[in-house]
Amino acid sequence: MSELSTNWQQAFQSFTTSTAFAMQLSHAQVRALDAIKNDTWQGNDYHMFYASARALQRRGLVEFNRPVKGESRSWIYRLIPAGELVLDLIFLAGAGPQSDEAAP
């Protein structure tokens with residue numbers, strides 16, 4: 001793997017040093033979280049997607065998996081428990097990507 005942490009709990013904990021933590025995510029990162037969860041990507045800017053996915057990985061919200069030969073998934077990231085919960089909170093707050101929102 002690269003310089004990115006493979007231990008998502010350690011990566012996530014480094015961004016949450018107390019009970020009063022703030023996690024700042026860009027709109028592109030939120031769209032990438034949603035796309036990873038739902039196995040969809042509607043934009044044609046894959047450089048933005050991969051940059052966002054790597055930033056999410058550094059925060060401990062997604063995990064990189066090596067591609068499996070013959071697997072139909074279009075990318076090799078998966079949401080881990082912290083990412084699932086953060087995405088749920090984003091949607092609960094009404095800040096998730098809208099279905100009619102234009103992807104980058």
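Which residues form one aromatic cluster? Phe-49, Tyr-50, Phe-64 and Tyr-77 do. The model is predicted, so a word on its ground rules comes first: local features need pLDDT of at least 70, side-chain atom pairs count only at pLDDT 80 or more, and totals for chains, interfaces and linings use all residues. Residues are numbered from 1 along each chain as its sequence is written, and side-chain values use heavy atoms, with hydrogens and water left out.

**The aromatic cluster**

The structure holds four aromatic pairs; rings of Phe, Tyr and Trp (its six-membered ring) pair if their centres lie within 6.5 Å, and planes under 30 degrees apart count as stacked, over 60 as edge-to-face and the rest as tilted. One of them joins Phe-49 and Tyr-77 edge-to-face, 6.5 Å centre to centre with 80° between the planes. This pair links helix α3, home of Phe-49, to strand β2, home of Tyr-77, across 28 residues. Helices (H or I, at least four residues) and strands (E, at least two) are DSSP runs, numbered from the N terminus. Both Phe-49 and Tyr-77 are buried, where buried means under 20% relative accessible area, exposed over 50%, and partly exposed in between (1.4 Å probe, protein chains only). Tyr-77 also pairs with Phe-64: the ring centres are 5.5 Å apart and the planes at 70°, so this pair is edge-to-face too.

**Salt bridges**

There are three salt bridges in the structure, each a side-chain nitrogen of Lys or Arg within 4 Å of a carboxyl oxygen of Asp or Glu.

| Pair | Closest N to O |
|---|---|
| Lys-37 and Glu-84 | 3.2 Å |
| Lys-37 and Asp-88 | 3.8 Å |
| Glu-63 and Arg-78 | 2.9 Å |

Glu-63 lies in strand β1 and Arg-78 in strand β2, so their pair ties together parts that are 15 residues apart in sequence. Glu-63 is buried at 19%, while Arg-78 is partly exposed at 38%. Shared partners join Lys-37, Glu-84 and Asp-88 into one network. Lys-37 is partly exposed, with a relative accessible area of 39%.

**Helix α2**

Lys-37 sits in helix α2 and Glu-84 in helix α4. Helix α2 covers residues 27-38 and reaches 16 Å from its first C-alpha to its last, close to the 16 Å expected (1.5 Å times one less than its number of residues). Nine of its 12 residues are buried, so α2 is largely enclosed by the rest of the structure. Among the buried ones are Val-30, Leu-33 and Ile-36. Their cover includes α3 (46-58), β1 (62-64), β2 (77-79) and α4 (81-92). After α2 comes Asp-39, with a positive phi near 55°.

Definitions and conventions
Contact = heavy atoms within 4.5 Å.
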